[in-house]
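This report examines one protein model through its sheets, its cores and a few selected residues. The sequence and structure are displayed first.

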Amino acid sequence: MPAITSLDYQAPWQEIRSTPEDWDALGAVPLKRMLGHLHLIRAFEEAVLELDGQGLVHGPAHSSIGQEGGAVGVMAELRVTDLITGSHRGHHQFLAKGLRYLDEDASASDDPFASTRLEEFLRRTLAEILGLADGYCRGRGGSMHLRWAEAGAMGTNAIVGGGVPIANGLAWAKRRQGKGDVAFTFFGDGAVNIGAVGESMNLAALWDLPICFFIENNGYAVSTTVREETRETRMSSRGGAYAIPALRVDGMDPVAVRMATRMALDVMRSGRGPTIIEAEVYRYFHHGGGLLGSAFGYRSKEEEAAWRERDPIARIAREMIARRWLTEDGNSAVRERAVKLARDATDRLTEASDGKRRIVAGLWPRPEFRDEGLRGDLAEFDGARFEELETATGATGDVRFIDAVAQVMARNMEKDERIFVMGEDIHRLKGGTNGATRGLAAQFPDRIVPTPISEQGFAGLAGGVALEGTFRPVVEFMYPDFSLVAADQVFNQIAKARHMFGGATGVPLVLRTKVALGTGYGSQHSMDPAGLYAMWPGWRIVAPSTPFDYVGLMNSALRCEDPVLVIEHVALYTSTGPGPLADLDYCIPLGKAKVVKPGSAFTVLTYLAMTPLAVRAAAEMGVDAEVIDLRSLDRAGIDWETIQASVGRTHNVVVLEQGPLTASYGAMLVDEVQRRCFDDLDQPVARIHGGESSPSVSRVLERAAFVGLEEIKAGFARMMADQGRPVA
């Protein structure tokens with residue numbers, strides 16, 4: 001027989017229930033405020049469902065009716081400076097946080113509706129849900145993307161579990177600020193099984209982040225029951241796996257939620273790391289809209305009726321009436337005021353027309369607003385010192401590329417305490433796998449942050465830090481292919497945040513990664529990410545080909561208020577090229593290409609390691625090609641002035657990239673050049689690119705898959721032959 005020892009989790013897992021003494025101790029005034037907030041959220045949600053039934057809510061309307069007790073119970077204990085993220089079913093979370101914020105306007109009053117800004121808050125929230133210009137996100141967020149940073153509501157999220165890594169970033173920033181503030185992230189039982197949630201719990205526990213993972217377990221992911229989702233249906237059980245203290249509570253009892261929140265805050269504010277609260281709640285209606293779940297056959301009417309008997313508003317009213325802190329008429333009066341406030345908001349935004357209601361026409365956003373705020377206006381570069389190699393004011397000489405990478409990061413971290421670097425293995429191996437962070441861990445031990453292998457978790461965390469605005473994260477993906485592991489956070493969240501939340505939200509994040517073509521790492525470690533990232537207009541992309549350009553472009557990336565992808569190439573790391581010998585503080589403008597070799601035969605548009613190879617090929621062939629190093633690759637950063645001037649001289653263009661035909665940056669560029677420069681072209685824009693497949697591990701097959709000097713020379717020869725000027 002084996003020796004068996006029972007094991008216990010490191011962290012406690014407890015169930016919390018309120019007692020009559022808890023209600024007595026809380027008192028009449030706090031309960032009255034909670035009751036008012038509950039009534040107002042309920043009335044507001046009923047108004048949304050009414051508008052949805054009239055066809056005035058474009059897109060889904062995920063009602064939180066029945067679940068309000070959890071949100072109100074939590075917010076009653078939070079500071080104004082505490083932050084939250086929410087889910088797609090997040091109206092109640094957003095409203096409760098906003099109401100808690102507005103309580104500060106009327107802190108001397110026991111009237112939950114006393115704030116002079118309350119009517120504006122409700123009107124602007126409803127305007128956002130309806131997609132109107134005066135909404136908090138100027139109509140772009142709608143029902144599922146509500147953000148009011150002033151109130152600490154940092155964004156609800158349409159991606160299940162998508163806001164959780166971001167909340168980790170908010171908590172990371174709050175921990176660094178050292179003021180005892182915390183973050184709460186709200187998500188449902190369906191999200192608990194999302195990989196980003198597990199990654200985030202692990203990171204939060206590892207780094208003692210002051211975050212509460214608040215699980216609204218309403219028993220259904222749309223129509224799939226929790227028992228069909230997981231064997232252990234008590235979602236707070238997840239805490240044990242990550243050594244996170246977990247609490248389970250009746251979410252239909254707002255006082256019990258409030259007590260659990262106090263316990264969680266005691267842990268988080270004292271620096272003891274994250275917590276989990278699982279609240280058992282129930283949404284009265286179907287996943288979206290105003291029909292009951294029983295109408296779709298996945299719930300019974302008896303189940304719905306039983307949960308309604310536990311209604312959180314009725315619970316608070318009943319307990320207050322029993323203590324003579326409220327009368328039936330008083331409760332009705334609170335309800336009537338809430339209904340009137342919600343109706344007033346509706347009346348401000350809609351009007352009667354032919355017996356129906358419609359949106360007031362003048363409240364819609366301008367169609368011209370469609371693309372505004374996709375990215376910032378680069379006003380942050382006012383006063384920046386721009387340099388180019390040929391006119392540099394500081395001494396230049398031969399510099400090893402990888403040394404420039406480490407040196408410019410060290411210089412920026414010396415100047416700006418907000419900057420930190422996060423990634424896998426960046427603290428050891430003499431500067432990570434390639435030396436890019438050499439010496440930084442010793443110099444900045446608390447700002448070089450090594451991570452577990454969890455790209456979605458730490459990329460999303462960095463995105464949350466950037467959205468909070470105090471610190472400036474630099475993320476390293478060891479290989480660009482790992483972007484696909486983190487795709488939700490990289491493309492759905494970070495790339496879209498500024499535009500989705502109204503166009504004024506900075507996301508100052510730098511993501512470094514490298515192209516490893518030619519190193520034998522095979523299909524899943526060798527991609528060029530330019531084409532993938534260029535599909536998402538929120539990202540700015542730079543691709544330096546010399547040490548001098550790397551320093552200037554990295555300085556610009558770290559100054560920018562938009563997320564910037566900095567692409568490096570392993571073939572350049574060990575190369576030596578022109579770079580700064582002392583001056584590491586200049587910038588190179590984003591969106592400025594460079595003619596690295598003038599010529600007249602044809603224009604070569606390229607970037608990264610292909611730039612020096614193009615120059616070499618032209619020299620060895622005796623071809624008078626003009627080579628342009630694009631440097632900035634995002635759509636907004638393509639330097640059309642330089643490109644069009646060159647095409648006007650050469651009348652022929654070839655786009656050169658090292659990677660394969662598929663997932664290609666060149667395809668997009670060719671299309672754009674052809675349309676913009678059509679009248680100046682003597683022939684269609686040509687391309688030099690690798691094969692259709694991604695690289696293989698075999699040395700022979702890998703070499704066949706990507707572009708090298710031979711393929712460039714062959715492509716240049718075709719360009720000359722097509723002009724009737726063949727070369728030997």
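The account below moves from the two sheets to a helix, the nonpolar cores and two loop residues.

The model is predicted: local features require pLDDT of at least 70 and side-chain atom pairs pLDDT 80 or more, while totals for chains, interfaces and linings use all residues. Residues are numbered from 1 along each chain as its sequence is written, and side-chain values use heavy atoms, with hydrogens and water left out.

**Sheets**

Helices (H or I, at least four residues) and strands (E, at least two) are DSSP runs, numbered from the N terminus. Two strands count as paired if DSSP finds at least two bridges between them. Strands of a sheet pair through backbone hydrogen bonds, either parallel or antiparallel.

One open sheet has six strands, ordered β14-β13-β15-β16-β18-β17, with parallel pairing. Its edge strands, β14 (448–450) and β17 (540–542), each pair on one side only. The average twist from one strand to the next is 20 degrees; angles run from 0 to 180 degrees between N-to-C directions, and axes are lines fitted to C-alpha atoms, for helices over the stretch in contact.

The other open sheet described here has five strands in the order β20-β22-β21-β23-β24, and its pairing is mixed. Because β20 (594–597) and β24 (686–688) each have a single partner strand, one side of each is left without a neighbour in the sheet. Here the twist averages 30 degrees from one strand to the next. Helix α23 (residues 640–650) packs on this sheet and touches β20, β21 (603–606), β22 and β23 (653–656); the direction of α23 makes about 170 degrees with that of β22. Contact denotes heavy atoms within 4.5 Å.

The table sets out one strand pair from each sheet.

| Strand pair | Sense | Bridges | Residues opposite each other |
|---|---|---|---|
| β17 and β18 (564–569) | parallel | three | Ile541 and Leu565 |
| β20 and β22 (626–629) | antiparallel | three | Lys594 and Asp629 |

**Helix α14**

Helix α14 (residues 401–415) has 15 residues and should span 21 Å at 1.5 Å a residue; its end C-alpha atoms are 22 Å apart, which agrees. The expected span is 1.5 Å times one less than the number of residues. Buried residues of α14 include Phe401, Ile402, Val405, Val408 and Met409. Buried means under 20% relative accessible area, exposed over 50% and partly exposed in between, with a 1.4 Å probe and protein chains only.

**Nonpolar cores**

A nonpolar core is a set of buried Ala, Val, Leu, Ile, Met, Phe, Trp, Tyr and Cys residues joined through side-chain atoms within 4.5 Å. The largest one contains 87 residues, of which Trp172, Tyr533, Trp539 and Tyr665 touch the most other members. A second, separate core of 82 residues includes Val57, Leu122, Val182 and Cys212. Beyond four places in sequence, the contacts of Tyr665 include Ala530, Tyr607, Leu630 and Glu657.

**His88 and Asn157**

His88 lies in the loop between β2 (83–86) and α4 (91–103), and Asn157 in the loop between β3 (153–156) and α6 (163–177). Which class of accessibility does His88 fall into? His88 is buried, because its relative accessible area is 18%. Asn157 also counts as buried, at 5% relative accessibility.

Leaving aside neighbours within four places in sequence, His88 contacts several residues, among them His62, Ser143, Asn157 and His287. Under that exclusion, Asn157 touches residues including Ser87, His88, Ile166 and Gln493. The C-alpha atoms of Asn157 and Gly90 are separated by 8.0 Å, although these residues are 67 apart along the chain. A polar atom of the Asn157 side chain lies 3.0 Å from the backbone nitrogen of Ile159.

Methods. A polar contact is a pair of N or O atoms within 3.5 Å; within protein, one must be able to donate a hydrogen and the other to accept it, and residues adjacent in sequence count only if both atoms are side-chain atoms.
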